[in-house]
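Student: I should like a close look at a single part of this model. Please describe one residue, its surroundings and the helix packing to which it belongs.

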Amino acid sequence: MKKLTGILLASALTVAPAFADAVDDTLILNEEITIVTRTAAPAHMADEVDEIISGWHFRGKETRAMQADDFDNPGMIFVEKGEDAWNTVEGTEGKSCASCHGASDTMAGVRPVYPKYNEAAGEVRTLEMQVNDCRVNQMGAEKLKYTGGNMANMTALLASVSRGLPVNVAIDGPAQSTWEAGKELYYTRTGQLELACASCHEANYGNMIRADHLSQGQINGFPTYRLKNTKLNSVHARFKGCVRDTRAETFNPGSAEFIALELYVASRGNGLHVEGPSVRN
C-alpha cells in the first residue's frame, strides 16, 4: 500500500510509534447485508493510496460487533427518532416528509450521492442543506440546526436506508470547482501545529494518536455514534473538532469551506458502501 513518508505529526499530539494494519474483518449487517469496507481507491486518488478503508477496520472487536447488529448499534435509536420526524406533519403547508416522498425507504440511493450539485440553486448542497430546503420551501417549516440532534436523526435515517449502496459523489462538471477548493483545504497545513487533514488521514493512518488508531478519515459511516460523547456526530461537527485539534481557527458548520471539504472527503470514499449510522470510539 502506498503511503506518504517523512511527515511527522507535532509532538503535542503524542503519536506513538506503534502501527497497526487495518483489521482483516468483514462487516455484515444483521447477518444479511455485506458492506464493502475496503476497496480499490478511486482514480483521482491513484497517486496517494492504492486502497480505501472504512474507519470500521481501525476499531476494536467489540465496537465492530456493535455496528454489525442493529439491536446493539446505539445509533439506531436516533434512526427511529428520524423515522418519527419523517412522518410528522410540520409547518404551514400541513405536510410531513412522507407527504411528498412516501415511506423513508424510497430515499435509498440519496445518501450515496451527497454532497451534489443542485442545478436549480446553482450550488453544491450537502444532505443537511437539502433537508432544510425541503422543510422551508415544501413544508413551510423552520430550518433544523445544521449540526443539531434533530438534523442528525434525519440524516441517520437517510443513511440507514442506503446501507450497502456505494458512495458515488460526482466531482466533475459544475461540482469540480467546489471539489478543487475542498482538495486544497485537505492538503493545506494550518494552525499552531501546522497540520493538514492529509497529515493524519493519508500519511499516518494506522499509527497511534493518543490512545487510538488513526483511520483514513472516511465519512461513508456518517452520521456516526461516538462512544466518546454518546451521541450522533455529523460530518461538519467532526471537521470542526479536527480543525480545533490543530489549534487553528475553524470554519462554521454549513460554511462554503466545509461544504467543499465534505465533497472532497466524500469523493475519497467513492466505492465504499454507506454504513451510517456507524459506531466509532
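Tutor: In this predicted model, helix 6 and helix 9 are roughly perpendicular to each other, because their crossing angle falls in the range of 65 to 115 degrees. Their axes cross at roughly 85 degrees and come within 7 Å. Helix 6 covers residues 176-187, and helix 9 covers residues 256-267.

The residue to examine here is Glu257, which lies in helix 9. With a relative accessible area of 31%, Glu257 is partly exposed, because this value lies between the 20% limit for buried and the 50% limit for exposed. Apart from its neighbours within four places in sequence, Glu257 is in contact with Leu185 and Phe251. Leu185 is one of the helix 6 residues that meet helix 9. Thr178 is 79 residues from Glu257 in sequence, yet their C-alpha atoms are 8.9 Å apart in space.

The wider contact places Glu257 among several partners. From helix 6 come Thr178, Trp179, Ala181, Gly182, Lys183, Leu185, Tyr186 and Tyr187. On the side of helix 9, Glu257 is joined by Ala260, Leu261, Leu263, Tyr264, Val265 and Ser267. By class, the residues of this contact between helix 6 and helix 9 comprise ten nonpolar, three polar and two charged. Glu257 itself counts as charged, because Glu belongs to that class, and Lys183 of helix 6 is charged because Lys does too.

How values were computed
Residues numbered from 1 in each chain as written. Predicted model: local features only at pLDDT ≥ 70, side-chain atom pairs only at ≥ 80, totals over all residues. Heavy atoms only, no water. Helix = DSSP H or I, 4+ residues; strand = E, 2+ residues; numbered from the N terminus. Buried < 20%, exposed > 50% of the residue type's maximum accessible area, 1.4 Å probe, protein only. Contact = heavy atoms within 4.5 Å. Axes fitted to C-alpha atoms, helices over the stretch in contact; angles between N-to-C directions. Parallel < 35°, antiparallel > 145°, perpendicular 65-115°, else oblique.
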